[in-house]
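Biologist: Could you walk me through this model and take my questions one at a time?

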Amino acid sequence: MDLLPCFLLVSLVLSSSHLVSANFYNDFDITWGNDRAKILDNGQRLQLTLDQSSGSGFQSKNEYLFGKIDMQIKLVPGNSAGTVTAYYLSSQGDKHNEIDFEFLGNLSGDPYIMHTNVFSQGKGGREQQFYLWFDPTADFHTYSLLWNPQQIMFSVDGTPVRVFKNSEDLGVAYPKNQAMRIYSSLWNADNWATRGGAVKIDWSKSPFVASYGNFKAETCSASSDCSVNSWYGAEALESSEQQKLEWVRENYMIYNYCSDSKRFPQGFPAECTR
Ligand SMILES: *[C@@H]1O[C@H](CO)[C@@H](O)[C@H](O)[C@H]1NC(C)=O
C-alpha cells in the first residue's frame, strides 16, 4: 500500500471517533454528595459513598451519540441491603432516552440484582433483571454498553446479557437522535430495592462504598462520522456471543418484561418479538 492512502485511512479512523481511557478528572464531574464522591490515584479510580445524610454521584463532561463504553465497578460489599448503585446513559427532557444498569444491594451473602432498562422518547417499562455469576463486591468487573443505530448491547466481563434491537420498523421508538451523558450514583432506595422494600438499610454499617476504575469509551458525537468503526455497524451477535447470551438468560435472568403476561394481558410490546 502507498504511504499516502495508508496515512489517510489512519487519520480518518482516528478523527471519526473519540477514544477516552481512564481518567476520571478529565472525563467526569462530581455532581452530588460533595466529598462523599472522590477521585483517587491521579484519576484512575473513583469512589462513591452513601451515609445517612446523603448519597453521591458523578456524570460525564461530554455527551455522546452512540458509543462503546466500558466501566469497571466494585459494588458495595457486606450488608448492602437497601442501597442502589446506578450506572446509566441518559439524555435530558421529558422525551428523554436512557439505558440503565442498576445494582440492587442485599444482605451479606445474598445475591445482588442487576436491573436493566431502556427508555426511548420518555417511555421505559422494559425491565430485565439478572443475578450475577460471581460476587460483584469481591473485585472489579467490567460493565459495558454498546450503543449503535441498530442495537443496544449490555454486557458483563465481555458476556452479553441483553440486546435491545432497533425495532422502528415495528413502530417502536429507538434512542438515536439525542446525545446522552454517562451518570452514576449511589443512593438510598430501601423503600423498594431489597426484597421489594422489606429489608431496610442498616445505617450502623455506613458509610457504604462503591468503586470505579478503568473507564474506556469509544464514542461518537453529533458532529463526527462514526460509521467506519466496526462496533458502529454491528447488527447481530457472533454465534459465540449468542451462546453466552442464552446461557445468561437461561441461568441468571430472574425477570423479563417480555414474558410477564400478567402485566401485558393485551399482548406484549412489539419489540418483544425480536
Ligand atoms: C436478596 O436475597 C433474596 C434471598 O436470596 C432474594 O430473593 C433477592 O432476589 C435478593 N436480591 C434483592 C435485591 O432483593
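Modeller: Happily! This is a predicted model, where local features need pLDDT of at least 70 and side-chain atom pairs count only at pLDDT 80 or more, while totals for chains, interfaces and linings use all residues. Residues are numbered from 1 along each chain as its sequence is written, and side-chain values use heavy atoms, leaving out hydrogens and water.

Biologist: Which residue does UniProt list for "glycosylation site"?

Modeller: UniProt positions are in the numbering used here, feature names are shortened, and annotations may be inferred rather than shown by experiment. The listing comes from an unreviewed UniProt entry. The residue it gives is N106.

Biologist: Is N106 buried or exposed?

Modeller: Buried means under 20% relative accessible area, exposed over 50%, and partly exposed in between (1.4 Å probe, protein chains only). The relative accessible area of N106 is 11%, so N106 counts as buried.

Biologist: Where does N106 lie?

Modeller: Helices (H or I, at least four residues) and strands (E, at least two) are DSSP runs, numbered from the N terminus. On that scheme, N106 sits in the loop between β8 (98-104) and β9 (113-119).

Biologist: And R126, what is its relative accessible area?

Modeller: R126 is in another stretch of chain, the loop between β9 and β10 (128-130). R126 is buried, and its relative accessible area is 3%.

Biologist: Which residues does N106 touch, not counting residues up to four places away in sequence?

Modeller: Contact means heavy atoms within 4.5 Å. With that cut-off, and leaving out residues up to four places away in sequence, N106 touches G78, N79, S80, A81, P111, Y112 and T194.
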